[in-house]
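Trainee: I should like to take a close look at one part of this protein, namely the loops. Please set them in the context of the whole chain.

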Amino acid sequence: MGNKIFYTVNQWFMKFIKKNNSEYLITSDDISGVIEKYEGLCAYCGVMCIDNYHIDHKLPVSKGGGNNLDNLALSCSGCNWSKNNKTSEEFIAFRKKLSK
């Protein structure tokens, strides 16, 4: 069952990549580089997220962002889910507004 779900998600992802003209696929070396760049800390809240991280698009793919390394950030799951399709700048402003 688990492999079938992964395969289905992988098929969806590949269609999504083609649909959005992303020519660059994120590799495991890229992920390691993003984790190292952010030292295991969420780019948005600073919590250590090495055990449960997301690789986030600073400029969402839905808004024209790509998979290039400059557009990737390490994120905890809470920030990534809250960020949704906001840009990193929009999300940081949103977080500041919430903290007031």
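Trainee: Before we turn to the loops, what percentage of the residues in the protein is buried?

Mentor: In this predicted model, buried residues make up 29% of the 100 residues. The protein contains four helices and two strands, and along the sequence these follow the pattern α-α-β-β-α-α. Among contacts with a separation of 6 or more, 52% are accounted for by residues 24 or more positions apart. The surface that the protein exposes amounts to about 7100 Å², and carbon and sulfur atoms supply 56% of that area.

Let us now consider the loop between α2 (28-37) and β1 (53-57), where E39 has its place. The phi angle of E39 is near 55°, a positive value in a residue other than glycine. E39 counts as exposed because its relative accessibility is 62%, and the cut-off for that class is over 50%.

A second loop, between α3 (77-83) and α4 (88-99), may be read alongside it; N84 lies there. For N84, too, phi is near 55°, again a positive value in a residue other than glycine. With a relative accessibility of 58%, N84 is therefore classed as exposed.

To draw the two loops together: E39 has a positive phi and is exposed, and N84 likewise has a positive phi and is exposed.

Technical notes
Residues numbered from 1 in each chain as written. Predicted model: local features only at pLDDT ≥ 70, side-chain atom pairs only at ≥ 80, totals over all residues. Heavy atoms only, no water. Buried < 20%, exposed > 50% of the residue type's maximum accessible area, 1.4 Å probe, protein only. Contact = heavy atoms within 4.5 Å. Areas by Shrake-Rupley, 256 points an atom, 1.4 Å probe, with all protein chains shown as cover.
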